[in-house]
Amino acid sequence: MVTSRNPLIIGAGPAGLTAGIELVRRGVAPRIYESSTHVGGLARTVTDGVWRADPGGHRFFTQHEEIMDLWKSLLPHDQWIAVPRRSAMLVDRHLVPYPLVGRDLLTQLGVRSGVRGAGGLIWSRFRRGMRAIEKQQTFREWGIEEFGRHWYRMFFDGYVRKTWLADPDHLASDWANQRIKPIDWRRAGRRDATNQDVFRYPRLGPGQLWDAAAARLAEAGAAPCLDAHVLGLHHDGRNWTIELENGDTAAGDAVFTSMPLQMLVDMLKPAPPKHIRAIAATLRHRSLITVAVALPKAYEIPFNWVYTPGPEFQVGRVQNYGRWSPALAPDGFTGTHLGLEYFTLVHDDLWQADDDSLCEIVQQDLRMLGMGESDPEHIMIVRSQYAYPIYETGRERNVVRIRDYLRENHPALHPIGRNGMHRYDNQDHAMLSALRSVARYFGEQVDPWQVNTDLGYHETGLLRS
Ligand SMILES: Cc1cc2nc3c(=O)[nH]c(=O)nc-3n(C[C@H](O)[C@H](O)[C@H](O)COP(=O)(O)OP(=O)(O)OC[C@H]3O[C@@H](n4cnc5c(N)ncnc54)[C@H](O)[C@@H]3O)c2cc1C
């Protein structure tokens with residue numbers, strides 16, 4: 001490849017790898033720097049010998065043809081499996097299928113609860129009808145309006161406190177429309193006919209796709225440099241230089257960065273003005289600890305995911321890996337392979353807990369789930385520090401101010417992806433922001449920040465051929 005362009009990419013997660021592939025497609029070989037010793041970022045497959053774990057339970061779905069085409073081009077057809085989505089919420093010892101279905105709510109939890117729930121919902125809808133102007137809502141206001149007070153409390157209040165580690169009154173609701181489906185009141189027949197929720201999944205977990213992406217880049221001479229933590233980013237008015245932890249430096253005409261936005265602002269030289277640094281310092285993340293546990297006994301759990309909102313559990317959600325892909329466990333395994341997800345903040349005791357203390361918490365949760373009778377056959381602990389950008393009130397305005405500052409002062413600096421733009425992006429949106437940023441680098445009039453602004457976009461994931 002002969003070109004005067006020499007862009008740098010920070011991070012080899014879905015966004016960074018997609019930016020790399022797109023640059024190569026357009027005839028430019030980037031240099032990619034990744035802190036960790038693996039590619040795939042949050043969407044990697046964690047392995048320990050013959051065991052594999054998905055840290056987050058990554059469903060592959062997209063409404064964007066170009067993303068679907070890229071996925072298909074990276075992994076052959078026989079490496080994709082089709083997985084029916086089935087989730088449930090464990091409340092009052094009942095596994096209530098999620099997304100919530102009206103008929104289940106009215107019958108499964110007893111008549112009294114059904115009547116209270118329906119009454120609460122009718123009342124909140126009536127109040128919504130009376131509201132004169134649309135206003136920015138907190139999550140609690142949104143939840144009560146959407147589900148009624150009783151069902152909101154039962155299913156979402158505790159869950160949001162546990163997973164978002166925040167009071168629902170202090171959380172903005174702008175992500176909720178995208179992530180939380182309304183109650184489905186259709187009759188079962190019609191629902192089944194139109195709502196076959198099936199998603200794609202790489203046989204060996206999400207990281208299989210990203211390993212394939214890295215292999216494609218390596219073929220083009222642009223293999224990601226691993227164990228290469230970027231800790232400085234300097235602009236001399238013309239070119240960019242990045243500084244690595246090991247003392248190396250690299251220079252380029254542009255930088256695509258998927259590291260957390262506040263980290264970027266913090267390491268930029270010349271330093272941005274004080275008010276921009278102060279805003280960036282308010283951006284926070286939630287962290288995630290996934291504990292993959294292989295139990296020798298086979299439990300019949302007909303769901304991929306079970307949400308555990310109640311205070312009796314410390315775990316927030318349980319992945320049932322056997323329902324994602326049996327290939328995550330070794331051949332011949334006949335037990336139950338689970339991923340217990342714990343949501344935390346870096347300064348919390350849970351994040352600081354050592355492996356032994358964590359295993360005790362896991363055992364306690366397994367007992368509460370009725371699965372504590374025998375010792376696990378295998379355990380893997382995965383810690384993801386920057387798992388979720390926190391959506392605090394004011395986040396949107398603050399991110400826009402940082403974006404505008406960067407755009408005006410550093411047009412060749414492209415924040416991409418979930419943490420790069422401090423947005424609750426899934427893989428497809430993280431990838432799309434990378435594709436749009438590369439197009440912008442080539443002078444096209446596109447705005448990567450417009451990706452994933454559609455409040456109606458749902459994670460339906462209908463399987464397409
Ligand atoms: C629990 C959970 C469940 C999820 N479920 C789904 C799902 O069902 N479907 C879906 O599509 N998506 C899902 N996602 C989202 C998906 O994981 C992300 O959208 C995707 O990984 C974002 O890609 P990214 O490249 O922007 O960021 P990341 O995956 O975070 O990658 C960023 C990379 O940059 C590296 N990096 C950071 N700082 C530096 C530095 N200073 N120097 C060098 N490298 C650096 C990191 O090590 C990392 O590898 C889920 C996420 C979580 C946490």
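Here are a few friendly notes on the ligand site and on the packing of helix H2 in this predicted model.

1. Let me start with the surroundings of the ligand. The shell around the ligand holds 34 residues, and those that come nearest are Glu34, His58, Arg59, Asp425 and Asn426. By class, this shell divides into 14 nonpolar, 14 polar and 6 charged residues.

2. Which helices and strands supply residues to that shell? At least two residues each come from helix H1 (14-25), strand E18 (378-389), helix H14 (417-420) and H15. Of these, H14 gives the most, with 3 residues.

3. The backbone is worth a look here, as it reaches polar atoms of the ligand at several places. At Pro14, a polar backbone atom is 3.2 Å from an oxygen atom of the ligand. At Leu42, a backbone N or O atom lies 2.9 Å from a ligand oxygen atom. At Val230, the partner of the polar backbone atom is a nitrogen atom of the ligand, 3.0 Å away. As for cover, the ligand taken alone exposes 990 Å², and the protein buries 93% of that.

4. Now to helix H2 (residues 65-74) and its packing on helix H15 (residues 427-441). Their axes come within 10 Å and cross at roughly 100°. Angles of 65 to 115 degrees count as roughly perpendicular, so H2 is roughly perpendicular to H15. On the H2 side you will find Glu66, Ile67, Leu70 and Trp71, which meet Asp428, Met431, Leu432, Leu435 and Arg436 in H15. The classes in this contact are 6 nonpolar, no polar and 3 charged residues. Note that H15 also supplies at least two residues of the shell around the ligand, so do view points 2 and 4 together.

5. H2 has another helix partner, H8 (residues 207-219): here the axes are 9 Å apart and the packing angle is about 80°. That angle makes H2 roughly perpendicular to H8. Leu70, Trp71, Ser73 and Leu74 of H2 make the contact with Leu209, Ala212, Ala213 and Arg216 of H8. By class, there are 6 nonpolar, 1 polar and 1 charged residues in this contact.

6. Which residues of H2 would I select on screen to see both contacts? Leu70 and Trp71 are good picks: they meet residues of H15, and they also take part in the contact with H8. To complete the view, add Glu66 and Ile67 for the H15 side, and Ser73 and Leu74 for the H8 side.

Technical notes:
Residues are numbered from 1 along each chain as its sequence is written. This is a predicted model: local features need pLDDT of at least 70, side-chain atom pairs count only at pLDDT 80 or more; totals for chains, interfaces and linings use all residues. Side-chain values use heavy atoms; hydrogens and water are left out. Axes are lines fitted to C-alpha atoms, for helices over the stretch in contact, and angles run from 0 to 180 degrees between N-to-C directions. Angles under 35 degrees count as roughly parallel, over 145 as roughly antiparallel, 65 to 115 as roughly perpendicular and the rest as oblique. Contact means heavy atoms within 4.5 Å. Ala, Val, Leu, Ile, Met, Phe, Trp, Tyr, Cys and Pro count as nonpolar, Asp, Glu, Lys and Arg as charged, and the others, Gly among them, as polar. A residue is near a molecule or strand if one of its heavy atoms lies within 4 Å of it. A polar contact is a pair of N or O atoms within 3.5 Å; within protein, one must be able to donate a hydrogen and the other to accept it, and residues adjacent in sequence count only if both atoms are side-chain atoms. Accessible areas come from the Shrake-Rupley method with a 1.4 Å probe; for residues, only the protein chains shown count as cover.
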